[in-house]
Amino acid sequence: MEKREGEIRWRKENEKSEEDHLFPEDDVNYSLLNSSIIGDSDSSKLENRRISRTQWRWRKEREIRSRTINDVLFGVISSGLSRYLDDHSPKPIKEGLRITGAAMVNLRPSQGLQEFTELMKSGSKSRWGNKFALMLLPIYYHTNGSDPLQYLKRAKMMIDRKKFSLEAFLSYKIGCFIMKCLGPKFVSSINYRIACNTSFTISNVIGPREEFMIAGVPVTYIRTTSSSLPHAITMHMVSYAGKADMQILVAKDIIPYPEKLAKCFEDALLEMKEAALKIRCEC
C-alpha cells in the first residue's frame, strides 16, 4: 500500500514539473490563462472568438519608414499589447514580461510574386510548392510611460538577430526530416504543441501595390484570417495599394475587448510617428 502511494505521489510530482516546464511563469499566455476562468491551453476551451481590425496607411508614415515594415509592425504590437495589459490585466504584471509569438517566414531566395515563365524553367531558384518555416518571436511588456521609439529599437534588434540566425532554416530541415521519417501526423502534433505554448501568431503579406478591379468592380481592401489556431491572439496583415489591413482574432475569454486592442495598436503607431517627428525637428 505504501509503495502504491509512493508511485502516485511520484507521478503527481512529475506531472507538475512537466506542466511548469511547458507553461513558464514569464510568458503572458500562462499569466492570462491562469487569471481567467480557463485553466490550461486546451484549444477546445477557446472556441468563442471575436474579431476586430485596424488599418494603417504606410505612405503617410514615412517618418518611421527608415525601419522595415516588420520592425515597425513588431514595435507597434509590443507597445499596443503593453497598453492593453496596463488597462485590462486582472493582476499586476512585472516589467519585462515575455510574450512569445509564432510566425511563418518565407525561405525562398526570390522574394515576392514570380512570373509563371520563371517558375517553369528548369534550374530556376523559384520553384513550385511551399517553402516556409516557423520562428518564435518574443516581445516584452513595458509600462505605458516608456519611450515609444524604444519599442521600435527593441523590435529591430530582435528581428535582426532572427535574420542572422539559423532558426528558420533548421526548423524547415528538421520538419522535412520528421515528415519523411515519422509522417505528417507526428509533425502535426508537434506544430500543435508549439501553437499551444505560444501566446499569439502573426503574418505579414505584401499585396498588390496598385488598385485593381475584378469583373469591373474595384477592390477596396484585402483581408484574411484563420480561426483554427489555439492562440489567444491571431493577427494577419495584408498590404494593398499603400494601405495595410490587420485582422485581429482573439479568444473572447482572454481578450474580451478586441476593438480596444486594435485602438491600442493605432495609438502606438501614432505615438511612434510623433516621437520620430519631434527628433527630426530638434535636429
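The paragraphs below follow helix H5 and its surroundings through this predicted model, and then turn to a loop residue elsewhere in the chain.

Helix H5 covers residues 148–163, and its 16 residues should span 22 Å at 1.5 Å a residue, which agrees with the 23 Å that separate its end C-alpha atoms. Along this helix the residues Pro148, Leu149, Tyr151, Leu152, Ala155, Met158, Ile159 and Lys162 are buried. In an α-helix there are 3.6 residues a turn, so residues three or four places apart point the same way. The buried residues of H5 pack against four elements, namely helix H3, strand S3 (132–140), helix H6 (167–182) and helix H8 (258–282).

Among these partners, H8 can be described in some detail. Two packed helices are described by the angle between their axes and by the distance between those axes. The axes of H5 and H8 come within 8 Å and cross at roughly 100 degrees; because angles of 65 to 115 degrees count as roughly perpendicular, the two helices H5 and H8 are placed in that class. On the H5 side the contact is made by Pro148, Leu149, Tyr151 and Leu152, while H8 contributes Glu271, Met272, Ala275, Ala276 and Ile279. By character, the residues of this contact of H5 with H8 divide into eight nonpolar, no polar and one charged.

Two further residues touch H5 from earlier in the sequence. Asp71 lies in helix H3 and, because its relative accessibility is 0%, counts as buried; leaving aside residues up to four places away in sequence, Asp71 touches Leu152, Ala155, Lys156 and Ile159. Arg67, by contrast, is found in the loop between strand S1 (49–57) and helix H3 (69–88), and at 28% relative accessibility Arg67 counts as partly exposed. With residues up to four places away in sequence again set aside, Arg67 touches Val72, Leu152, Lys153 and Lys156. Arg67 and Lys156 stand 89 residues apart in sequence, yet their C-alpha atoms are 7.8 Å apart in space.

The last residue to consider is Ser199, which is found in the loop between helix H7 (184–196) and strand S4 (200–206). Although Ser199 belongs to a loop, its relative accessibility is 4%, and Ser199 therefore counts as buried. Ser199 and Thr100 are 99 residues apart along the chain, and a distance of 5.6 Å separates their C-alpha atoms.

Note on methods
Residues numbered from 1 in each chain as written. Predicted model: local features only at pLDDT ≥ 70, side-chain atom pairs only at ≥ 80, totals over all residues. Heavy atoms only, no water. Buried < 20%, exposed > 50% of the residue type's maximum accessible area, 1.4 Å probe, protein only. Contact = heavy atoms within 4.5 Å. Expected span 1.5 Å × (residues − 1). Axes fitted to C-alpha atoms, helices over the stretch in contact; angles between N-to-C directions. Parallel < 35°, antiparallel > 145°, perpendicular 65-115°, else oblique. Nonpolar A, V, L, I, M, F, W, Y, C, P; charged D, E, K, R; others polar.
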